[in-house]
Amino acid sequence: MGGLAPGPHGRMWLLLTFDVPNETKLQRRNYRRLVQRIRRYGFERIQLSVYARYVAGGDQAARFELYLRTHCPPEGEIRIIRLTDEQYQNQVIIRSGRPAEPEGEPEQYLLFG
(Lines give C-alpha, C1' and ligand atoms only; values in the text may rest on other atoms or scores of the structure.)
Protein backbone atom coordinates (compact mmCIF):
# COMPACT_ATOMS: atom_id res chain seq x y z
CA MET A 1 0.00 0.00 0.00
CA GLY A 2 1.45 3.39 0.81
CA GLY A 3 0.88 6.31 -1.48
CA LEU A 4 3.05 6.60 -4.52
CA ALA A 5 3.12 9.93 -6.31
CA PRO A 6 0.50 10.09 -9.06
CA GLY A 7 2.95 10.09 -11.93
CA PRO A 8 3.09 7.81 -14.95
CA HIS A 9 3.95 4.82 -12.73
CA GLY A 10 2.32 5.74 -9.39
CA ARG A 11 -0.80 3.88 -8.33
CA MET A 12 -3.79 6.03 -7.48
CA TRP A 13 -7.53 6.24 -7.11
CA LEU A 14 -9.82 8.07 -9.50
CA LEU A 15 -12.78 9.64 -7.76
CA LEU A 16 -15.52 10.36 -10.27
CA THR A 17 -18.55 12.54 -9.60
CA PHE A 18 -21.17 13.49 -12.12
CA ASP A 19 -24.28 15.59 -12.50
CA VAL A 20 -26.55 14.69 -15.40
CA PRO A 21 -30.10 16.02 -15.84
CA ASN A 22 -32.67 13.27 -15.48
CA GLU A 23 -35.99 14.91 -16.39
CA THR A 24 -36.77 13.98 -20.00
CA LYS A 25 -36.80 10.55 -21.60
CA LEU A 26 -33.60 11.38 -23.54
CA GLN A 27 -31.85 12.66 -20.40
CA ARG A 28 -32.77 9.49 -18.48
CA ARG A 29 -31.42 7.37 -21.33
CA ASN A 30 -28.17 9.39 -21.37
CA TYR A 31 -27.92 8.98 -17.59
CA ARG A 32 -28.37 5.19 -17.78
CA ARG A 33 -25.81 4.89 -20.58
CA LEU A 34 -23.28 6.93 -18.60
CA VAL A 35 -23.73 4.78 -15.49
CA GLN A 36 -23.40 1.59 -17.57
CA ARG A 37 -20.16 2.85 -19.11
CA ILE A 38 -18.76 3.92 -15.75
CA ARG A 39 -19.43 0.45 -14.35
CA ARG A 40 -18.04 -1.22 -17.48
CA TYR A 41 -14.82 0.76 -16.99
CA GLY A 42 -14.49 -0.80 -13.52
CA PHE A 43 -15.67 2.08 -11.34
CA GLU A 44 -17.48 1.09 -8.16
CA ARG A 45 -20.31 3.17 -6.78
CA ILE A 46 -19.56 4.66 -3.36
CA GLN A 47 -22.48 7.12 -3.26
CA LEU A 48 -25.37 8.07 -5.55
CA SER A 49 -23.36 9.95 -8.22
CA VAL A 50 -19.89 9.18 -6.87
CA TYR A 51 -17.73 6.34 -8.15
CA ALA A 52 -14.12 5.28 -7.51
CA ARG A 53 -11.57 3.15 -9.33
CA TYR A 54 -8.04 2.08 -8.50
CA VAL A 55 -5.62 2.54 -11.40
CA ALA A 56 -2.02 1.53 -12.04
CA GLY A 57 -0.82 5.06 -12.82
CA GLY A 58 -1.22 8.31 -14.67
CA ASP A 59 -1.26 6.71 -18.13
CA GLN A 60 -4.15 4.45 -17.21
CA ALA A 61 -5.93 7.36 -15.50
CA ALA A 62 -5.56 9.47 -18.65
CA ARG A 63 -7.09 6.67 -20.74
CA PHE A 64 -10.18 6.55 -18.50
CA GLU A 65 -10.42 10.34 -18.57
CA LEU A 66 -10.42 10.24 -22.37
CA TYR A 67 -13.13 7.53 -22.42
CA LEU A 68 -15.30 9.61 -20.11
CA ARG A 69 -14.69 12.83 -22.06
CA THR A 70 -15.96 11.19 -25.22
CA HIS A 71 -19.03 9.73 -23.49
CA CYS A 72 -20.17 12.64 -21.32
CA PRO A 73 -23.81 13.48 -22.07
CA PRO A 74 -24.26 16.87 -23.79
CA GLU A 75 -26.02 18.32 -20.75
CA GLY A 76 -23.85 16.59 -18.17
CA GLU A 77 -20.81 17.31 -16.06
CA ILE A 78 -18.22 14.80 -14.92
CA ARG A 79 -15.46 15.58 -12.43
CA ILE A 80 -12.47 13.31 -11.96
CA ILE A 81 -10.22 13.74 -8.95
CA ARG A 82 -6.91 11.90 -8.77
CA LEU A 83 -5.93 10.73 -5.30
CA THR A 84 -2.86 8.88 -4.15
CA ASP A 85 -3.54 5.66 -2.28
CA GLU A 86 -2.43 7.41 0.93
CA GLN A 87 -4.85 10.30 0.38
CA TYR A 88 -7.69 7.88 -0.31
CA GLN A 89 -6.93 5.80 2.79
CA ASN A 90 -6.86 8.98 4.93
CA GLN A 91 -10.44 9.92 4.11
CA VAL A 92 -12.91 10.12 6.96
CA ILE A 93 -16.03 8.00 6.53
CA ILE A 94 -18.95 8.22 8.92
CA ARG A 95 -21.61 5.59 8.23
CA SER A 96 -24.76 5.60 10.37
CA GLY A 97 -22.98 7.79 12.90
CA ARG A 98 -19.96 5.49 13.24
CA PRO A 99 -16.49 5.61 11.72
CA ALA A 100 -15.92 3.25 8.78
CA GLU A 101 -12.86 2.22 6.79
CA PRO A 102 -12.37 3.13 3.11
CA GLU A 103 -12.12 0.48 0.42
CA GLY A 104 -8.69 -1.12 0.32
CA GLU A 105 -6.34 -1.59 -2.59
CA PRO A 106 -7.83 -4.26 -4.91
CA GLU A 107 -6.09 -7.50 -5.74
CA GLN A 108 -3.43 -7.21 -8.47
CA TYR A 109 -5.51 -9.06 -11.07
CA LEU A 110 -8.24 -6.42 -10.80
CA LEU A 111 -5.93 -3.54 -11.73
CA PHE A 112 -6.05 -4.19 -15.45
CA GLY A 113 -9.62 -5.42 -15.82
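## A walk through the predicted chain, starting at serine 96

Serine 96 lies in the loop that runs between strand E5 (93-95) and strand E6 (98-100). In this predicted model, the phi angle of serine 96 is near 55°, which is a positive value in a residue other than glycine. As background to that angle, most residues other than glycine have a negative phi. Serine 96 counts as exposed because its relative accessibility is 73%, and the cut-off for that class is over 50%.

From this loop one can step back to the chain as a whole. The protein chain has 3 helices and 6 strands, and, read along the sequence, these elements follow the pattern β-α-β-β-α-β-α-β-β. Of the 113 residues, 34% count as buried, while the chain exposes about 7500 Å², of which carbon and sulfur atoms supply 50%. Among the contacts between residues at least 6 apart in sequence, 68% join residues at least 24 apart.

Valine 55 gives a view of one buried position. This residue belongs to strand E3 (residues 50-55), and valine 55 counts as buried because its relative accessibility is 0%, where the class requires a value under 20%. Leaving aside residues up to four places away in sequence, valine 55 touches Arg11, Met12 and Leu14, and also Gln60, Ala61 and Phe64. One of these partners, arginine 11, is 44 residues from valine 55 along the chain, yet the C-alpha atoms of the two are separated by 5.9 Å.

Glycine 76 offers another position at which segments separated in sequence can be followed in space. It is placed in the loop between helix H2 (58-71) and strand E4 (77-84), and, with a relative accessible area of 22%, glycine 76 is classed as partly exposed. When residues up to four places away in sequence are not counted, the residues that glycine 76 touches are Asp19, Val20 and Pro21. Measuring from C-alpha to C-alpha in the model, glycine 76 and leucine 34 are 9.7 Å apart in space, with their positions 42 residues apart in sequence.

The last stop is a charged region of the surface. Lys25, Arg28, Arg29, Arg32 and Arg33 form a positive surface patch. One of these residues, arginine 28, has its place in helix H1 (residues 25-40), and arginine 28 counts as partly exposed because its relative accessibility is 34%.

How values were computed. Residues are numbered from 1 along each chain as its sequence is written. This is a predicted model: local features need pLDDT of at least 70, side-chain atom pairs count only at pLDDT 80 or more; totals for chains, interfaces and linings use all residues. Side-chain values use heavy atoms; hydrogens and water are left out. Helices (H or I, at least four residues) and strands (E, at least two) are DSSP runs, numbered from the N terminus. Buried means under 20% relative accessible area, exposed over 50%, partly exposed in between (1.4 Å probe, protein chains only). Contact means heavy atoms within 4.5 Å. Accessible areas come from the Shrake-Rupley method with a 1.4 Å probe; for residues, only the protein chains shown count as cover. Patches are made of residues with over 30% relative accessible area and no salt bridge: like charges are joined within 9 Å, nonpolar side chains (Val, Leu, Ile, Met, Phe, Trp, Tyr) within 5 Å. A salt bridge is a side-chain nitrogen of Lys or Arg within 4 Å of a carboxyl oxygen of Asp or Glu. Lys and Arg count as positive and Asp and Glu as negative; His and the chain ends are not counted. The place of a charge is taken as NZ of Lys, CZ of Arg, CG of Asp or CD of Glu.
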